[in-house]
Amino acid sequence: KYPKKYLIGGNWKCNGTKESVAKLVKTLNSAGPIPPWVEVVVGVPAIHIGDVLKTIRKDISVAAQDCSATGYGAFTGELAAPMLADFGVSWVILGHSERRTNQKESSELVATKTKAALDAGLSVMVCVGETLEEREAGKIDAVVLDDHMGALKGKFSDVEWAKIAIAYEPVWAIGTGKTASPEQAQDVHASIRGWLAANVSPAVAAATRIQYGGSMKGANAPGLLAKPDIDGGLIGGASLKAEFITGIAAAA
Ligand code: PEP
(Lines give C-alpha, C1' and ligand atoms only; values in the text may rest on other atoms or scores of the structure.)
Protein backbone atom coordinates (compact mmCIF):
# COMPACT_ATOMS: atom_id res chain seq x y z
CA LYS A 1 0.00 0.00 0.00
CA TYR A 2 2.78 2.44 0.88
CA PRO A 3 6.34 3.34 0.14
CA LYS A 4 6.25 4.72 3.70
CA LYS A 5 6.08 2.44 6.73
CA TYR A 6 3.02 2.28 8.94
CA LEU A 7 3.77 3.90 12.30
CA ILE A 8 2.40 2.11 15.35
CA GLY A 9 3.07 4.08 18.53
CA GLY A 10 2.34 3.03 22.07
CA ASN A 11 1.64 5.50 24.84
CA TRP A 12 2.22 3.94 28.25
CA LYS A 13 1.18 7.24 29.90
CA CYS A 14 1.95 7.48 33.62
CA ASN A 15 1.95 3.73 34.26
CA GLY A 16 4.49 1.21 35.45
CA THR A 17 6.56 0.05 38.36
CA LYS A 18 10.06 -1.34 37.80
CA GLU A 19 8.51 -4.77 38.05
CA SER A 20 5.54 -4.22 35.73
CA VAL A 21 7.69 -2.46 33.12
CA ALA A 22 10.18 -5.36 33.08
CA LYS A 23 7.23 -7.72 32.60
CA LEU A 24 5.74 -5.61 29.81
CA VAL A 25 9.09 -5.49 27.98
CA LYS A 26 9.30 -9.30 28.22
CA THR A 27 5.76 -9.59 26.86
CA LEU A 28 6.49 -7.30 23.91
CA ASN A 29 9.85 -8.94 23.25
CA SER A 30 8.20 -12.33 22.83
CA ALA A 31 5.02 -11.16 21.10
CA GLY A 32 6.01 -12.32 17.64
CA PRO A 33 7.34 -10.66 14.52
CA ILE A 34 6.82 -7.07 13.45
CA PRO A 35 6.23 -6.90 9.68
CA PRO A 36 9.02 -5.06 7.82
CA TRP A 37 6.54 -2.44 6.58
CA VAL A 38 5.70 -1.43 10.15
CA GLU A 39 7.66 0.87 12.47
CA VAL A 40 6.89 0.38 16.18
CA VAL A 41 7.63 2.93 18.91
CA VAL A 42 6.70 2.89 22.59
CA GLY A 43 6.19 6.07 24.63
CA VAL A 44 7.73 5.36 28.00
CA PRO A 45 7.51 7.37 31.25
CA ALA A 46 10.82 9.24 31.56
CA ILE A 47 12.09 7.46 34.65
CA HIS A 48 11.78 4.05 32.96
CA ILE A 49 13.43 5.07 29.68
CA GLY A 50 16.98 4.01 30.63
CA ASP A 51 15.90 0.48 31.62
CA VAL A 52 13.61 0.05 28.62
CA LEU A 53 16.29 1.18 26.16
CA LYS A 54 18.59 -1.52 27.51
CA THR A 55 16.08 -4.34 27.47
CA ILE A 56 13.54 -3.86 24.68
CA ARG A 57 13.87 -5.66 21.34
CA LYS A 58 15.83 -3.75 18.74
CA ASP A 59 12.92 -3.43 16.32
CA ILE A 60 10.98 -1.31 18.81
CA SER A 61 12.12 2.30 19.30
CA VAL A 62 11.62 4.33 22.43
CA ALA A 63 9.79 7.65 22.66
CA ALA A 64 9.48 10.11 25.50
CA GLN A 65 5.99 11.44 26.25
CA ASP A 66 7.08 15.07 26.39
CA CYS A 67 10.20 17.23 26.26
CA SER A 68 10.92 20.78 27.27
CA ALA A 69 10.86 23.73 24.91
CA THR A 70 14.31 24.69 26.23
CA GLY A 71 17.78 23.11 26.07
CA TYR A 72 20.24 22.29 28.84
CA GLY A 73 20.47 24.85 31.62
CA ALA A 74 18.69 26.41 34.55
CA PHE A 75 15.28 24.79 33.95
CA THR A 76 14.53 22.81 37.11
CA GLY A 77 12.37 19.77 36.53
CA GLU A 78 12.56 19.92 32.75
CA LEU A 79 13.73 17.21 30.36
CA ALA A 80 15.60 18.66 27.40
CA ALA A 81 15.36 17.11 23.96
CA PRO A 82 19.17 16.77 23.55
CA MET A 83 19.22 14.87 26.86
CA LEU A 84 16.72 12.38 25.45
CA ALA A 85 18.71 12.04 22.24
CA ASP A 86 21.92 11.51 24.22
CA PHE A 87 20.32 8.52 25.97
CA GLY A 88 19.27 6.91 22.68
CA VAL A 89 15.65 8.02 22.63
CA SER A 90 14.61 8.54 19.02
CA TRP A 91 11.04 9.85 19.25
CA VAL A 92 8.92 12.12 21.40
CA ILE A 93 5.13 12.39 21.67
CA LEU A 94 4.12 16.08 21.85
CA GLY A 95 0.83 17.86 22.34
CA HIS A 96 -1.08 14.89 23.72
CA SER A 97 -4.60 16.04 24.65
CA GLU A 98 -3.96 15.10 28.28
CA ARG A 99 -1.10 17.62 28.33
CA ARG A 100 -3.05 20.22 26.33
CA THR A 101 -5.78 19.93 28.99
CA ASN A 102 -3.97 19.19 32.26
CA GLN A 103 -0.78 21.21 31.67
CA LYS A 104 -2.57 23.85 29.57
CA GLU A 105 -0.13 23.39 26.67
CA SER A 106 -0.96 25.74 23.82
CA SER A 107 -0.51 24.89 20.17
CA GLU A 108 2.27 27.51 20.06
CA LEU A 109 4.13 25.74 22.87
CA VAL A 110 3.69 22.39 21.12
CA ALA A 111 5.21 23.92 17.97
CA THR A 112 8.16 25.32 19.95
CA LYS A 113 8.75 21.94 21.60
CA THR A 114 8.54 20.26 18.19
CA LYS A 115 11.31 22.55 16.93
CA ALA A 116 13.44 21.81 20.00
CA ALA A 117 12.97 18.07 19.47
CA LEU A 118 13.80 18.21 15.76
CA ASP A 119 16.90 20.32 16.48
CA ALA A 120 18.05 17.56 18.85
CA GLY A 121 17.58 14.95 16.11
CA LEU A 122 14.39 13.41 17.51
CA SER A 123 11.35 12.43 15.47
CA VAL A 124 8.02 13.74 16.73
CA MET A 125 4.45 12.48 16.92
CA VAL A 126 2.35 15.65 17.20
CA CYS A 127 -1.12 14.93 18.60
CA VAL A 128 -4.15 16.85 17.36
CA GLY A 129 -7.86 16.30 17.92
CA GLU A 130 -11.19 17.75 18.98
CA THR A 131 -13.40 17.21 22.04
CA LEU A 132 -16.94 15.85 21.71
CA GLU A 133 -18.33 19.32 22.42
CA GLU A 134 -16.21 20.80 19.62
CA ARG A 135 -17.26 18.01 17.21
CA GLU A 136 -20.93 18.53 17.99
CA ALA A 137 -20.55 22.28 17.51
CA GLY A 138 -19.11 21.70 14.01
CA LYS A 139 -15.66 22.91 15.03
CA ILE A 140 -13.46 19.99 13.92
CA ASP A 141 -11.69 22.02 11.23
CA ALA A 142 -11.36 25.08 13.47
CA VAL A 143 -9.67 23.05 16.21
CA VAL A 144 -7.70 20.42 14.31
CA LEU A 145 -6.70 22.37 11.20
CA ASP A 146 -6.74 26.05 12.14
CA ASP A 147 -5.45 25.76 15.71
CA HIS A 148 -3.51 22.49 16.20
CA MET A 149 -2.09 22.17 12.67
CA GLY A 150 -2.08 25.93 12.09
CA ALA A 151 0.55 26.47 14.78
CA LEU A 152 2.96 24.28 12.77
CA LYS A 153 2.61 26.34 9.62
CA GLY A 154 5.75 27.92 8.23
CA LYS A 155 7.95 26.61 11.05
CA PHE A 156 9.63 23.57 9.49
CA SER A 157 11.47 22.69 6.29
CA ASP A 158 10.43 19.69 4.19
CA VAL A 159 13.44 17.83 5.62
CA GLU A 160 12.13 18.51 9.12
CA TRP A 161 8.61 17.45 8.13
CA ALA A 162 10.04 14.05 7.20
CA LYS A 163 10.59 13.53 10.95
CA ILE A 164 7.08 14.59 11.99
CA ALA A 165 4.05 12.30 12.21
CA ILE A 166 0.59 13.62 13.03
CA ALA A 167 -1.53 11.62 15.46
CA TYR A 168 -5.22 12.39 15.04
CA GLU A 169 -6.72 11.62 18.42
CA PRO A 170 -10.34 12.67 18.92
CA VAL A 171 -10.44 13.43 22.63
CA TRP A 172 -13.82 11.71 23.05
CA ALA A 173 -12.28 8.42 21.90
CA ILE A 174 -9.22 8.43 24.19
CA GLY A 175 -9.45 5.94 27.02
CA THR A 176 -13.23 5.82 26.67
CA GLY A 177 -13.63 2.57 24.75
CA LYS A 178 -15.41 4.66 22.05
CA THR A 179 -13.52 4.47 18.78
CA ALA A 180 -14.07 6.77 15.83
CA SER A 181 -15.48 4.68 13.00
CA PRO A 182 -13.01 4.07 10.18
CA GLU A 183 -15.09 6.52 8.09
CA GLN A 184 -15.10 9.24 10.77
CA ALA A 185 -11.34 8.89 11.20
CA GLN A 186 -10.69 8.76 7.45
CA ASP A 187 -12.64 12.02 6.95
CA VAL A 188 -10.43 13.94 9.38
CA HIS A 189 -7.23 12.24 8.17
CA ALA A 190 -8.08 13.33 4.62
CA SER A 191 -8.59 16.92 5.83
CA ILE A 192 -5.25 16.87 7.64
CA ARG A 193 -3.54 15.60 4.49
CA GLY A 194 -5.31 18.30 2.50
CA TRP A 195 -4.12 20.90 4.99
CA LEU A 196 -0.52 19.65 4.59
CA ALA A 197 -0.79 19.82 0.79
CA ALA A 198 -2.13 23.37 0.89
CA ASN A 199 0.05 24.74 3.71
CA VAL A 200 3.32 22.81 3.48
CA SER A 201 3.70 20.98 0.16
CA PRO A 202 2.07 18.15 -1.80
CA ALA A 203 5.23 16.06 -1.33
CA VAL A 204 5.10 16.45 2.45
CA ALA A 205 1.36 15.69 2.43
CA ALA A 206 1.98 12.44 0.58
CA ALA A 207 4.91 11.37 2.76
CA THR A 208 3.60 12.28 6.24
CA ARG A 209 2.30 9.44 8.39
CA ILE A 210 -1.08 10.31 9.96
CA GLN A 211 -1.85 8.00 12.88
CA TYR A 212 -5.24 7.40 14.43
CA GLY A 213 -5.52 7.29 18.23
CA GLY A 214 -8.49 6.62 20.47
CA SER A 215 -9.35 3.22 21.93
CA MET A 216 -7.56 1.41 19.11
CA LYS A 217 -7.15 -2.30 19.74
CA GLY A 218 -6.69 -5.59 17.94
CA ALA A 219 -10.39 -5.87 17.16
CA ASN A 220 -10.76 -2.49 15.42
CA ALA A 221 -7.23 -1.97 14.04
CA PRO A 222 -7.75 -3.79 10.70
CA GLY A 223 -10.76 -1.62 9.73
CA LEU A 224 -9.01 1.62 10.67
CA LEU A 225 -5.65 0.75 9.09
CA ALA A 226 -7.34 -0.24 5.83
CA LYS A 227 -8.40 3.36 5.19
CA PRO A 228 -6.29 5.19 2.60
CA ASP A 229 -5.24 8.10 4.85
CA ILE A 230 -4.69 6.13 8.07
CA ASP A 231 -0.99 5.32 8.23
CA GLY A 232 -0.75 3.90 11.72
CA GLY A 233 -1.98 4.31 15.25
CA LEU A 234 -1.18 5.85 18.61
CA ILE A 235 -2.34 3.43 21.23
CA GLY A 236 -2.80 3.93 24.95
CA GLY A 237 -4.50 1.13 26.89
CA ALA A 238 -3.83 -1.65 24.39
CA SER A 239 -0.12 -0.76 24.19
CA LEU A 240 0.30 -2.35 27.63
CA LYS A 241 -0.53 -5.80 26.23
CA ALA A 242 0.91 -8.30 23.73
CA GLU A 243 -2.06 -7.36 21.53
CA PHE A 244 -0.15 -4.15 20.68
CA ILE A 245 2.13 -6.32 18.51
CA THR A 246 0.01 -9.37 17.74
CA GLY A 247 -3.27 -7.53 17.10
CA ILE A 248 -2.31 -4.03 15.99
CA ALA A 249 1.19 -4.00 14.44
CA ALA A 250 0.40 -7.33 12.79
CA ALA A 251 -2.79 -5.86 11.29
CA ALA A 252 -0.97 -3.06 9.47
C1 PEP B 1 -3.65 7.79 23.84
O2 PEP B 1 -3.33 7.90 25.01
O3 PEP B 1 -3.03 8.44 23.01
C4 PEP B 1 -4.76 6.89 23.49
C5 PEP B 1 -5.17 6.87 22.24
O6 PEP B 1 -5.30 6.12 24.50
P7 PEP B 1 -6.32 4.89 24.34
O8 PEP B 1 -5.80 3.99 23.24
O9 PEP B 1 -6.30 4.21 25.67
O10 PEP B 1 -7.65 5.47 23.98
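Q: How do the residues of the shell around the ligand divide into nonpolar, polar and charged?
A: In this predicted model, the shell holds 5 nonpolar, 7 polar and 2 charged residues.

Q: Which residues that surround the ligand are the closest?
A: Of the 14 residues that surround the ligand, the closest are Asn11, Ile174, Gly213, Gly236 and Gly237. Ile counts as nonpolar, while Gly falls among the polar residues, so Ile174 belongs to the nonpolar group and Gly213, Gly236 and Gly237 to the polar one.

Q: Why is the chain called as compact as a globular protein of its length?
A: Let's start with what it is built from: 12 helices and 8 strands. The radius of gyration is 17 Å, and the globule rule gives 18 Å for 252 residues; the two values are close, so the chain is as compact as a globular protein of that length. Along the principal axes, its C-alpha atoms fill a box of roughly 45 × 45 × 35 Å.

Q: What share of the contacts in the chain comes from residues 24 or more positions apart?
A: Among contacts with a separation of 6 or more, such pairs account for 72%.

Q: What makes Asp141 partly exposed?
A: Asp141 has 14 other C-beta atoms within 10 Å. A buried residue needs 20 or more and an exposed one has 12 or fewer, so a count of 14 falls in between. Asp141 has its place in helix α7.

Q: How do you know that Asp141 touches residues beyond those up to four places away in sequence?
A: Asp141 touches Asp146 and Ser191, with those neighbours left out of the count. Ser191 is 50 residues away along the chain, yet the C-alpha atoms of the pair are separated by 8.0 Å. A contact is judged on C-beta atoms within 7 Å, so the C-alpha separation does not rule it out.

Q: Which residues of helix α7 are buried, and why are they said to be on the same side?
A: The buried residues of α7 (residues 140-149) are Val143, Val144, His148 and Met149. They cover an arc of only 120° around the axis, which puts them on the same side of α7. Their packing partners are α5 (107-119), β5 (123-128), α6 (132-136) and α9 (182-199).

Q: Which residues have the most contacts inside the largest nonpolar core?
A: That core has 79 residues, and Ala63, Val92 and Val126 have the most contacts inside it. Outside its neighbours within four places in sequence, Val126 is in contact with residues including Leu94, Val110, Leu152 and Ile164. Across the chain, buried residues make up 44% of the 252. In soluble globular proteins, nonpolar side chains tend to be buried together.

Key:
Residues numbered from 1 in each chain as written. Predicted model: local features only at pLDDT ≥ 70, side-chain atom pairs only at ≥ 80, totals over all residues. Near = placed C-beta within 6 Å. Core = buried A, V, L, I, M, F, W, Y, C linked by C-beta atoms within 7 Å. Contact = placed C-beta atoms within 7 Å. Helix = DSSP H or I, 4+ residues; strand = E, 2+ residues; numbered from the N terminus. Rg over C-alpha atoms; globule rule 2.2 N^0.38 Å. Arc of directions from axis to C-beta.
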